[in-house]
Structures are given as structure tokens and as C-alpha cells.
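Here's a quick briefing to read alongside the coordinates. Have the viewer open and follow along by topic.

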Number of protein chains: 2
Amino acid sequence: MTISEVSKKYDISTDTLRYYERIGLLPHVPRTKSGLRDYDENSCKSVEFIKCMRNAGLPIEALIEYMTLFKEGDSTAEARMAILIEQREALISRIEEMKSTLSRLDRKIEMYKGICSPGCCGKK
Amino acid sequence: MTISEVSKKYDISTDTLRYYERIGLLPHVPRTKSGLRDYDENSCKSVEFIKCMRNAGLPIEALIEYMTLFKEGDSTAEARMAILIEQREALISRIEEMKSTLSRLDRKIEMYKGICSPGCCGKK
DNA sequence: TCTTGACATGGAGTTAACTCCATGTGATAA
DNA sequence: TTATCACATGGAGTTAACTCCATGTCAAGA
């Protein structure tokens, strides 16, 4: 797949895809004879994984660490798992925080509805 | 309350507190005769609200709009509510996204545990 | 052969949200 | 009265994560 196809498929700009590669987040993508990127299934999977993790707010730094260990082979499984566990914890607490903010927002919105309900909207 | 007390209480740097004020996010904080900030209950409530919303990822821009409308009085209630509803929607979808990433992480971690379980850690 | 269009690279620029800094002031402790 | 100290202000600098740009190459259509 060309870079623009991957860009469309995952809704990530080509600039960002190249950026991910040069900072070592996305493992080297295969090239055609003339040097163009030719994403294979592995590359696509990585892109998809990165997109998912980034959208959930995992920092690029942690993802680079993870991907780097990955390239280093099976012996790094332990360390990779540690990263995932750490990020999992962080994610859980962000979700909790967001949920409580959400219910606060809900209450606030209900209040606004209340203000506007019995009378203020005029009776005919 | 002095700025440093508020800073400790809400765990927000004094720089950030002043920053919020100058960008119009935090309504003007009362001052002492000599010009020092002297946070009253209202100011504190605003700080707490902002902190909560920011931690959940609401953009400063939206919060400024909200606060600005607030200052403009009751006639803006409708518009304020609209902002809250909009942000609520955004928050919900972020939470959903994060939850699905969380379960993906969970599965991945289970996989790592699996790899390491029956045998690889040596018997004895 | 010439032109066009997608892509490559290295490096600079942007955005959001702070964070830091230089300089100045008023209240208080020594 | 002098030295601190917390605080004030305006403006510059930082960080993460992109995004944009100038310049160059290559393959394919006119």
C-alpha cells in the first residue's frame, strides 16, 4: 500500500505517518525499488495499533519504548508488558476522572434545564 | 487566600493561576490594597471547576467561552448550556474510545502473561 | 521528450497549554 | 533603615505532537 492509501484508510496524514517513522515509533516501512514506502500488513497493523493508543492518550514516548523493545525480540517481553501495565493504570485513572467530570457536567446541564423549565419559557 | 495557598490547595502552579486569569479563563480575582491577589470563595470555586474540566480534557478555548458568557449574566444561560452539552458529547466519545483501548490493553497484557506462564519461567 | 503528480528528505514552523524570566513593588523581620 | 520575601507584570521560552515547506527524484501519460 502506498502512503496515501494508508493515510486514507486510517485517517492519519501522510506527514504524520512519515513523522512516526522518523522518530522511531513506526518500524521501518518497506520500500519499492525507487524508494517509495510500500506498507505491508505488519506496517499497517502497527499504524492501527499506534492510532488506537494515541487516541486514548498514551504518550508517544511510551509507545516508542514499546516499539523499540519489540524490535529487540522476545527477550524484552517482560519489559514490554511492564510498559503496557503502567499505561493501563494511567488510562484507568484518566477514565475514572473523566467519568466523574461527566457526571458533574450532567448535573450542571440538568440545572440549566431546570432554570428554563417551569415558567421561564412563557405560557402562551 | 493568597495565590500560593490556592496553588497548594488545588495543586496548580501560581504561574498557571495567573495565566488562566490573563487569558480570561479565570474571572478577575479580587486584590488587596497593595495589588496582591486575594482569592475569595467564588474565585476558588472557579479554580476548582476549571481544574476539573481541564483534567477531563476540555479545551481551554471552550472554557473561556463558557466563563465569558457567565460574566455576561443570565441571558446567556442558553448558550452556556449549549457549550456544556457539546463538551459532554465530546467527553462521552473520548471515554468510549478510551474504554475500548483499555480492553485492548487488557487483552494484550493477558497475552503476555500467557506467554510467560506454563513453562517459560522454569520449574523448581 | 516533456510534463505532471505522487512521493522522498531534512528542517523549519505551528498550536495548545503552560512555564520561566527579568524587573519592580510593598510589607515585614532584623 | 535595610534586607528579604512573596507577589506583580509583560514577554520570552518550552514541550509534545504534529504540520508545512523547499527542493529533489522517479514513473507514467501526452
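## Protein chains A and B with DNA strands C and D

One polar contact to start with: an N or O atom in the side chain of Thr16(B) sits 3.2 Å from a phosphate oxygen of DNA strand C. A polar contact here is a pair of N or O atoms within 3.5 Å; within protein, one must be able to donate a hydrogen and the other to accept it, and residues adjacent in sequence count only if both atoms are side-chain atoms.

This is a predicted model, where local features need pLDDT of at least 70 and side-chain atom pairs count only at pLDDT 80 or more, while totals for chains, interfaces and linings use all residues. Residues are numbered from 1 along each chain as its sequence is written, chains are lettered from A and ligands numbered from 1 in the order in which they are written, and side-chain values use heavy atoms, with hydrogens and water left out.

**Around DNA strand C**

- There are 19 residues around DNA strand C, and Ser4(A), Arg18(A), Arg22(A), Arg37(A) and Tyr20(B) come nearest. To be near a molecule or strand, a residue needs one of its heavy atoms within 4 Å of it.
- Sugar or phosphate makes up 69% of the atoms of DNA strand C within 4 Å of the protein, and the rest belong to bases.
- On the chain A side, a polar side-chain atom of Ser4(A) is 2.8 Å from a phosphate oxygen of DNA strand C, and one of Thr2(A) is 3.3 Å from a phosphate oxygen of that strand.
- Which helices each supply at least two residues of this surface? They are α1 (3-10) and α2 (14-22) of chain A, plus α2 (14-22) of chain B. Helices (H or I, at least four residues) are DSSP runs, numbered from the N terminus.
- With five residues, α2(B) gives the most to the surface near DNA strand C.
- By residue type, that surface splits into six nonpolar, six polar and seven charged. For this count, Ala, Val, Leu, Ile, Met, Phe, Trp, Tyr, Cys and Pro are nonpolar, Asp, Glu, Lys and Arg are charged, and the others, Gly among them, are polar.

**Around DNA strand D**

- DNA strand D is surrounded by 19 residues, with Tyr20(A), Ser4(B), Arg18(B), Arg22(B) and Arg37(B) the closest. Of the atoms of DNA strand D that come within 4 Å of the protein, 69% are sugar and phosphate.
- A polar backbone atom of Arg37(B) lies 2.6 Å from a phosphate oxygen of DNA strand D, and an N or O atom in the side chain of Arg31(B) lies 3.3 Å from a phosphate oxygen there.
- From chain A, Thr16(A) puts a polar side-chain atom 3.2 Å from a phosphate oxygen of DNA strand D.
- α2 of chain A, along with α1 and α2 of chain B, each supply at least two residues of this surface; the largest share, five residues, comes from α2(A).
- The residue types on the surface near DNA strand D are six nonpolar, six polar and seven charged.

**Where the chains meet**

- Across the interface, 33 residues of chain B are in contact (heavy atoms within 4.5 Å) with 33 residues of chain A.
- The two chains bury about 3,200 Å² between them, 75% of it on carbon and sulfur atoms. Met98(B), Arg104(B) and Tyr112(B) supply 22% of the area that chain B buries against chain A, more than any other three residues. Buried area is the accessible area (1.4 Å probe) that two parts lose on being put together, summed over both.

**Cysteines**

- How many disulfides (pairs of cysteine sulfur atoms within 2.5 Å) turn up over all chains? The search of the whole structure finds zero.
- For Cys52(A), the closest cysteine sulfur is in Cys44(A), 15 Å away, so it is too far for a bond. Cys52(A) is also buried, with a relative accessible area of 15%. Buried means under 20% relative accessible area, exposed over 50%, and partly exposed in between (1.4 Å probe, protein chains only).
- In chain B, the sulfur of Cys44(B) is 15 Å from its closest cysteine sulfur, in Cys52(B), again too far for a bond. Cys44(B) counts as buried at 7% relative accessibility.

**Helix α1 and the loop after it**

- Ser7(A) lies in helix α1 of chain A and is buried, at 14% relative accessible area. Leaving aside neighbours within four places in sequence, Ser7(A) is in contact with Ile12(A), Ser13(A), Thr14(A) and Leu17(A).
- Asp11(A), in the loop between α1 and α2 of chain A, has phi near 55°, a positive value in a residue other than glycine. Asp11(A) is exposed, with a relative accessible area of 65%.

Definitions and conventions:
A disulfide is a pair of cysteine sulfur atoms within 2.5 Å.
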